[in-house]
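These are my notebook entries on a structure that I looked through one helix at a time. I begin with one helix and ask which way its residues face.

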Amino acid sequence: WNQRGDGIRKGMEYFQQAAAADSRYALPYVGLADTYALLGYYGSMPPKLAFPLADENATRALSLNPSLAEAHTSKALVKMYFGWDWQGADEEFLKAIALDSKYPQAHYWLSVLHTIQQDPIKAVEQDRIALEVDPVSPFVIMHPGWTLHCAGRYKEAIKQFRKALELDHKLWSAYNLLVHSYSQIGSYNDALAAGEILIKGTGNSAMVLPSIGYAHAKAGEED
């Protein structure tokens with residue numbers, strides 16, 4: 001599931017099997033909630049379809065176990081990305097962290113919320129905590145790079161993306177972000193090289209083409 005891409009749908013199959021095997025167990029519903037949220041976020045499913053399903057599963061998980069940090073995090077995701085309810089999302093993330101301060105997803109998604117709210121200091125702090133909790137997850141390692149990129153700290157972001165790729169050379173979202181960061185500092189050859197790897201690795205997925213187009217457009221501006 002954490003691999004994103006095809007791993008999301010494969011993870012969904014397992015979560016559905018687990019929920020069918022024991023409908024009173026909350027965690028499979030959390031997995032389904034997060035899966036639908038990511039499908040909606042990445043455009044693999046229409047958001048108007050995906051996020052209500054995410055909310056339905058998160059609500060189901062909370063009804064089974066109101067003290068589950070993972071379920072509160074799932075609820076926060078829906079509030080943040082679909083409801084545009086920043087305060088509600090913040091409250092759910094903080095509930096999750098109060099219940100389990102070592103759940104890394106709560107920290108790095110709260111970092112996203114702080115970035116949306118243009119508070120990079122708080123965002124970087126949440127990324128730091130997530131790394132302390134889970135220092136070997138390529139996605140958790142990559143995430144501070146996204147925060148740094150959004151703060152305009154592109155060279156630092158590139159270093160972070162490269163660190164994540166040392167652990168997982170198939171972390172396509174890191175290459176996607178590299179394209180943008182390299183483009184921002186004028187390293188167009190590096191941006192296009194990362195784009196070529198991205199195209200080959202994702203089978204020329206339509207989801208990555210805008211990034212490649214962006215790099216070419218930026219390079220064209222300098223010609």
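Entry 1, a helix with two sides. I looked up helix 9 and found that Ala-157, Ile-158, Gln-160, Phe-161, Ala-164 and Leu-165 are buried, where buried means under 20% relative accessible area, exposed means over 50%, and partly exposed lies in between, with a 1.4 Å probe and protein chains only. They cover an arc of only 165 degrees around the axis, so they sit on the same side of helix 9; the arc is that of the directions from the helix axis to the C-beta atoms. I noted that an α-helix has 3.6 residues a turn, so residues three or four places apart point the same way. On the other side of helix 9 I found Lys-155, Lys-159, Glu-166 and Leu-167, which are exposed. What covers the buried residues? The cover includes helix 7 (120–133), helix 8 (138–150) and helix 10 (172–184).

Before going on, I wrote down that this is a predicted model, in which local features need pLDDT of at least 70 and side-chain atom pairs count only at pLDDT 80 or more, while totals for chains, interfaces and linings use all residues. Residues are numbered from 1 along each chain as its sequence is written, and side-chain values use heavy atoms, with hydrogens and water left out.

Entry 2, the length of that helix. Helix 9 runs over residues 154–167, and its 14 residues reach 21 Å from first C-alpha to last, close to the 20 Å expected at 1.5 Å a residue; the expected span is 1.5 Å times one less than the number of residues.

Entry 3, an enclosed helix. I turned to helix 4, where twelve of the 13 residues are buried, so this helix is largely enclosed by the rest of the structure. Its buried residues pack against helix 2 (27–41), helix 3, helix 5 (86–99) and helix 6 (104–116), a contact being heavy atoms within 4.5 Å.

Entry 4, charged pairs. How many salt bridges does a search of the whole structure find? It finds nine, counting a side-chain nitrogen of Lys or Arg within 4 Å of a carboxyl oxygen of Asp or Glu. In one of them Lys-75 pairs with Asp-55, the closest N and O atoms being 2.7 Å apart. This pair links distant parts of the chain, since Lys-75 is in helix 4 (residues 69–81) and Asp-55 in helix 3 (residues 47–64), 20 residues apart. I saw that Lys-75 is buried at 15% relative accessible area, whereas Asp-55 is partly exposed at 27%. I also looked up Glu-125 and Arg-128, whose closest N and O atoms are 2.5 Å apart; both lie in helix 7, three residues apart, about one turn of the helix. Together with Glu-132 they are linked in a network of salt bridges.

Entry 5, the whole chain. I recorded twelve helices and zero strands, which are DSSP runs numbered from the N terminus (helices H or I, at least four residues; strands E, at least two). The radius of gyration is 18 Å, close to the 17 Å that the globule rule gives for 223 residues, so the chain is as compact as a globular protein of that length; the radius is taken over C-alpha atoms, and the rule is 2.2 Å times the number of residues to the power 0.38. Finally, of the 223 residues, 47% count as buried.
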